[in-house]
Structure formats: C-alpha cells, structure tokens
Amino acid sequence: LNLTPSYPRDSNNPEDVRAAEIADAFFNRSFLDPAVKGIFPEELVKIVKELDMIPEMQASDLDIIKNNTVDLLGVNYYQPRRIKAKETPVDPAAEPMPENYFDVYDMPGKKMNPYRGWEIYEKGIYDILINLRDNYGMPCFISENGMGVENERRFLGEDGMIHDDYRIEFVSEHLKYVHQAIQEGANCLGYHMWTCMDNWSWTNAYKNRYGFISVDLENDRKRSIKKSGYWFKQVSDNNGFEG
C-alpha cells in the first residue's frame with residue numbers, strides 16, 4: 001500500500017485535525033483497514049452513506065473481507081500529505097471527491113525534491129511504522145522508498161561513476177527512522193529501495209532516475225553501479241551504518 005501520512009496544518013486546531021483524519025480515511029485507511037482488520041473506517045462509511053453512494057453488496061461480502069485479511073504488509077512511502085480545514089468553496093454540481101472535505105496545505109519551508117515536486121519528510125516513514133505498531137499489530141516491510149532525479153549524468157565523475165550523494169543522504173535519513181521505529185517495537189522486517197536500477201516509467205519514461213545502478217540509454221543501455229549502490233552494499237553487508 002502507498003501509505004501517505006496526513007498531517008494537519010495546526011495540530012492544536014480541531015478543524016485542521018479533523019480534516020487530516022478524513023484525508024487519512026480516504027487515502028490510507030480505506031485500503032489499510034479492510035486489508036488488515038477486515039473492516040472499513042466508520043468515518044468513511046458515514047460520509048459515503050450521507051452521499052447515498054453505498055455500493056450494492058451481498059450479505060456475505062463483509063464476512064469475506066473480514067475472513068481474508070493479509071499476513072504481511074508491504075508499505076510504499078515517498079512523501080507526506082499536508083492538510084488544512086476546508087477553506088475553498090465546493091461546487092455543488094461537481095461529482096463528490098475527497099477534496100470536498102479538506103484543502104491541501106502548502107507548508108512554508110518544506111524540504112523538496114524539485115525533480116518530482118514532492119516533499120521529502122523522512123520522519124513520515126517512522127510515523128507510518130509506529131501507527132502500524134499501535135493500531136494494526138501487523139508485520140510489514142518497506143516495499144518502496146526512493147527519490148527520482150533528472151539528468152543524473154551531470155554527476156558523472158572522472159572515475160566513470162555517478163556520484164549521487166543526495167540519494168545516499170535520502171536513504172540514510174529514512175533508514176535512521178526505520179531503525180528508530182524498530183527499536184521502539186515496530187515489526188518492520190526489511191527495507192526495499194525503489195529501485196535497483198534506473199527504470200522506465202509509464203508517465204515520464206526515463207526522465208527521472210531512481211536506481212542504485214545507472215542505465216546509459218546512449219551507450220547500449222550499459223549498466224554501472226552508482227556511488228549509492230556501493231554504499232548500500234556496505235549497509236547490507238554491515239547490517240547498518242554510522243552517521
């Protein structure tokens with residue numbers, strides 16, 4: 001599951017907090033609760049009933065969901081979601097959408113990956129794992145985490161290797177929070193990078209590069225290990241790193 005934590009603009013503002021809870025119900029718990037607990041979030045069911053959009057279902061459908069929960073959860077994490085109470089008007093003629101119940105908050109000073117337009121918030125991975133520990137009791141692993149960067153060939157050194165120190169920083173800062181969560185009782189069994197080698201995307205082809213291994217499209221698709229790849233091998237061999 002792509003679990004994107006929803007953070008309120010002001011944690012002391014009940015309306016912002018409530019808006020973040022609704023966003024979480026739409027984007028996370030609508031998948032997480034039935035997959036792990038076998039039930040749907042009550043606040044989401046309430047909204048769908050108010051909209052008169054409860055789907056047609058058989059009496060046994062909820063039992064099937066309840067009796068077929070997952071044993072192990074894969075968690076994809078890339079960015080947080082910042083939420084504030086609804087301030088913009090809702091078009092009553094438009095189709096109902098989750099964004100009718102909250103607005104996105106453009107938090108000043110946030111750390112960004114400019115190539116994807118995504119916020120980098122390392123602690124989000126910790127918050128996900130602690131939430132799973134406290135509310136789901138589910139063994140899990142990080143199935144995707146990483147950053148896409150455009151035109152990485154400009155970081156090609158004289159040694160023929162791409163020196164992607166930014167990726168080492170990104171992964172190490174996330175791993176620190178994964179380690180902290182495990183130390184505090186989160187049942188996280190592993191961490192998987194997106195991705196092993198630069199991969200083709202159905203939305204932007206090879207525009208952004210994600211891998212520990214470079215794919216040179218102009219040189220017969222030659223594969224070469226980036227600096228981050230050698231670093232990650234050391235992390236794996238040593239079962240950790242200092243810093």
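## Starting at Ser 228

Ser 228 touches Asp 164, Arg 167, Ile 168, Gly 211 and Phe 212, not counting residues up to four places away in sequence; here contact means heavy atoms within 4.5 Å. This serine sits in helix α6, and at 0% relative accessibility it counts as buried. Buried means under 20% relative accessible area, exposed means over 50%, and partly exposed lies in between, with a 1.4 Å probe and protein chains only.

A word on the source: this is a predicted model, in which local features need pLDDT of at least 70 and side-chain atom pairs count only at pLDDT 80 or more, while totals for chains, interfaces and linings use all residues. Residues are numbered from 1 along each chain as its sequence is written, and side-chain values use heavy atoms, with hydrogens and water left out.

## The chain as a whole

The protein chain has 6 helices and 12 strands. Both are DSSP runs numbered from the N terminus: helices are H or I with at least four residues, strands are E with at least two. Along the principal axes, the C-alpha atoms fill a box of roughly 65 × 40 × 40 Å.

Of the 243 residues in the chain, 40% count as buried. Take the contacts between residues at least 6 apart in sequence: 64% of these join residues at least 24 apart.

## The largest nonpolar core

A nonpolar core is a set of buried Ala, Val, Leu, Ile, Met, Phe, Trp, Tyr and Cys residues joined through side-chain atoms within 4.5 Å. The largest one here has 33 residues, and Leu 73, Val 75, Leu 129, Leu 132 and Ile 142 touch the most other members. At least two residues each come from α1 (14–37), β2 (73–76), α4 (123–135), β7 (140–144), α5 (165–183), β9 (188–191) and α6 (227–238). Helix α5 gives the largest share, 7 residues.

For a closer look, try Leu 129: beyond four places in sequence, this leucine touches Cys 140, Ile 142, Val 178, Ala 181, Ala 186 and Cys 188.

## Helix α4 and its surroundings

The 13 residues of α4 should span 18 Å at 1.5 Å a residue, and the end C-alpha atoms are indeed 18 Å apart. The expected span is 1.5 Å times one less than the number of residues. Buried residues of α4 are Gly 124, Ile 125, Tyr 126, Asp 127, Ile 128, Leu 129, Ile 130 and Leu 132, and they pack against β1 (6–8), α1, β2, β7, α5 and β9. Just after the helix, Gly 137 takes a positive phi of about 55°.

## Two buried residues of α5

His 174 belongs to helix α5 and is buried, with a relative accessible area of 0%. Leaving aside neighbours within four places in sequence, His 174 is in contact with Tyr 77, Ile 120, Tyr 121, Glu 122, Ile 125 and Asn 145. The C-alpha atoms of His 174 and Asn 145 are 8.5 Å apart, with their positions 29 residues apart along the chain.

Ala 181 is also found in α5, and its relative accessible area of 0% makes it buried too. Outside four places in sequence, Ala 181 touches Tyr 126, Leu 129, Ile 130 and Ala 186.

## Asn 76 in strand β2

Asn 76 lies in β2 and is buried, at 13% relative accessible area. Its side chain makes a polar contact of 3.0 Å with the side chain of Asn 2. A polar contact is a pair of N or O atoms within 3.5 Å; within protein, one must be able to donate a hydrogen and the other to accept it, and residues adjacent in sequence count only if both atoms are side-chain atoms. Beyond four places in sequence, Asn 76 is in contact with Leu 1, Asn 2, Leu 3, Ser 143 and Glu 144.

## Backbone details to look for

A cis peptide bond joins Trp 194 and Thr 195, with omega about 10°. Thr 195 is in the loop between β9 and β10 (208–209).

Asn 151 is not a glycine, yet has a positive phi of about 55°. You will find Asn 151 in the loop between β8 (149–150) and α5, partly exposed at 46% relative accessibility. Asn 239 has a positive phi near 55° as well; this residue lies in the segment after α6 and is exposed, with a relative accessible area of 73%.
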